[in-house]
Amino acid sequence: MVKIERCPRPPASLAVEEKKKYGSYSEPDVVKQLKEDFHDKCYICELKNLSDPEVEHLKPHYNRTIKERVFDWNNLFYVCRHCNLVKSSKVYDDKILDCCVSDPEDTLKHVFVNGHVKIYSAPEDEQGQMTADLIENCFEKKDTGIRIAACHHRIKELSNTMNIFYKTLEKYKQSPTSARYQKSLNQMLNRESPFAAFKRNYIREHISDYLGLECGKTNENTIL
Ligand SMILES: [Zn+2]
């Protein structure tokens, strides 16, 4: 999960739909703006180019009983169907970090090792802990046949992404002045890229090896 800059202006349809008895919070303008703001990535698992995007409510509206949450632009998130279903568990109600307000990388550590995802958060931070648990479950909770397939797909995509990333890091280490590898790595470390939080965390943990990278410096692309 990475920080998202949400467009401050709510899509026009939300105010119109809110006045209807069973208005829609996922009209085309809403989905289009969410897709753009969230870089066509599920905000939880960071899978890119979603074929099954859904509009999710960060804070649940309990079957529209809390109406202001249904059409609140700041409560709408771009998510894949799999993660939306995992998050629908009551344990996460009102307890997930808002990545449009605070930077998840300040509190969460995304680790991929030996083919498994582990997300760490400070133990005294309940919101961080619940968010870490949610992200981890979206890769590891294989309690149904469908979830086994969905988790397997995400682990496979993450594994492919990380392998390309590690190979490029190796090439960069061999020729650190190569503009080609620097450019590739900076693209891979951009928040818009798939599974960016995992790659950025890896660099943070090995920063002394990669100080030459643009993303390791203090500028608008900084990851420090
Ligand atoms: Zn997802």
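In the predicted model, Asp-133 is partly exposed, because 18 other C-beta atoms lie within 10 Å of its own, a count that falls short of the 20 required for burial. Asp-133 is placed in helix α5. The C-alpha atom of Asp-133 is separated by 40 Å from that of Thr-177, a residue 44 positions away along the chain.

Helix α5 itself comprises 15 residues, 126-140. The distance from the first C-alpha of α5 to the last is 20 Å, close to the 21 Å expected at 1.5 Å a residue. The buried residues of this helix are Gly-128, Thr-131, Ala-132, Leu-134, Ile-135, Asn-137, Cys-138 and Phe-139. Their packing partners are two helices, α4 (81-87) and α6 (145-174), and two strands, β3 (108-113) and β4 (116-121).

The packing of α5 against α4 can be followed at the level of single residues through Val-86, which lies in helix α4. Val-86 is buried, since 23 other C-beta atoms are found within 10 Å. Apart from neighbours within four places in sequence, the contacts of Val-86 are with Leu-134, Asn-137, Cys-138 and Lys-141. Of these residues, Leu-134, Asn-137 and Cys-138 belong to the buried set of α5. Val-86 and Leu-134 are 48 residues apart along the chain, yet their C-alpha atoms are separated by 7.4 Å.

Another buried residue of α5, Thr-131, has its C-alpha atom 9.5 Å from that of Asp-98, with the two positions 33 residues apart along the chain. Asp-98 is located in the loop between α4 and β3. Asp-98 counts as partly exposed because it has 16 C-beta neighbours inside 10 Å.

Helix α6 contains 30 residues, which should span 44 Å at 1.5 Å a residue; the end C-alpha atoms are 44 Å apart, so the span agrees with expectation. Buried positions in α6 are Ala-150, Cys-151, Arg-154, Leu-158, Thr-161, Phe-165, Leu-169 and Tyr-172. These buried residues pack against the helices α4, α5, α7 (179-188) and α8 (196-205), as well as against strand β3.

The contact of α6 with α7 was examined further. The two axes come within 9 Å and cross at roughly 145°, and the crossing is left-handed. On the α6 side, the residues involved are Phe-165, Thr-168, Leu-169, Lys-171 and Tyr-172, which meet Tyr-181, Gln-182, Ser-184, Leu-185 and Met-188 of α7. By character, this contact divides into six nonpolar residues, three polar and one charged. Phe-165, Leu-169 and Tyr-172 in this contact are also among the buried residues of α6.

The largest nonpolar core of the model has 47 residues, and those with the most contacts inside it are Cys-42, Tyr-43 and Ile-44. Helix α6 gives the most to this core, contributing six residues. With neighbours within four places in sequence left aside, Cys-42 is in contact with Leu-47, Leu-50, Tyr-78, Val-79, Cys-80 and Cys-83.

Towards the N terminus, Ser-13 is found in helix α1 (residues 13-18). Ser-13 counts as partly exposed because it has 17 C-beta neighbours inside 10 Å. When neighbours within four places in sequence are excluded, the contacts of Ser-13 are Glu-27, Asp-29 and Val-30. The C-alpha atoms of Ser-13 and Phe-71 are separated by 9.5 Å, although the two residues are 58 apart along the chain.

Two loop residues have notable backbone torsions. Most residues other than glycine have a negative phi. Tyr-62, by contrast, has a positive phi near 45°, and Asn-114 has a positive phi of about 55° although it is not a glycine. Tyr-62 is situated in the loop between β1 (53-57) and α3 (67-70), whereas Asn-114 occupies the loop between β3 and β4. Tyr-62 is exposed, since 11 other C-beta atoms lie within 10 Å. Asn-114 is likewise exposed, because 5 other C-beta atoms lie within 10 Å.

Notes
Residues are numbered from 1 along each chain as its sequence is written. This is a predicted model: local features need pLDDT of at least 70, side-chain atom pairs count only at pLDDT 80 or more; totals for chains, interfaces and linings use all residues. Helices (H or I, at least four residues) and strands (E, at least two) are DSSP runs, numbered from the N terminus. The expected span of a helix is 1.5 Å times one less than its number of residues. A residue is buried if 20 or more other C-beta atoms lie within 10 Å of its own, exposed if 12 or fewer, and partly exposed in between; C-beta atoms are placed from the backbone. Two residues are in contact if their C-beta atoms, placed from the backbone, lie within 7 Å. A nonpolar core is a set of buried Ala, Val, Leu, Ile, Met, Phe, Trp, Tyr and Cys residues joined through C-beta atoms within 7 Å. Axes are lines fitted to C-alpha atoms, for helices over the stretch in contact, and angles run from 0 to 180 degrees between N-to-C directions. A crossing is left-handed if the near helix is turned anticlockwise from the far one by less than a right angle, and right-handed if clockwise. Ala, Val, Leu, Ile, Met, Phe, Trp, Tyr, Cys and Pro count as nonpolar, Asp, Glu, Lys and Arg as charged, and the others, Gly among them, as polar.
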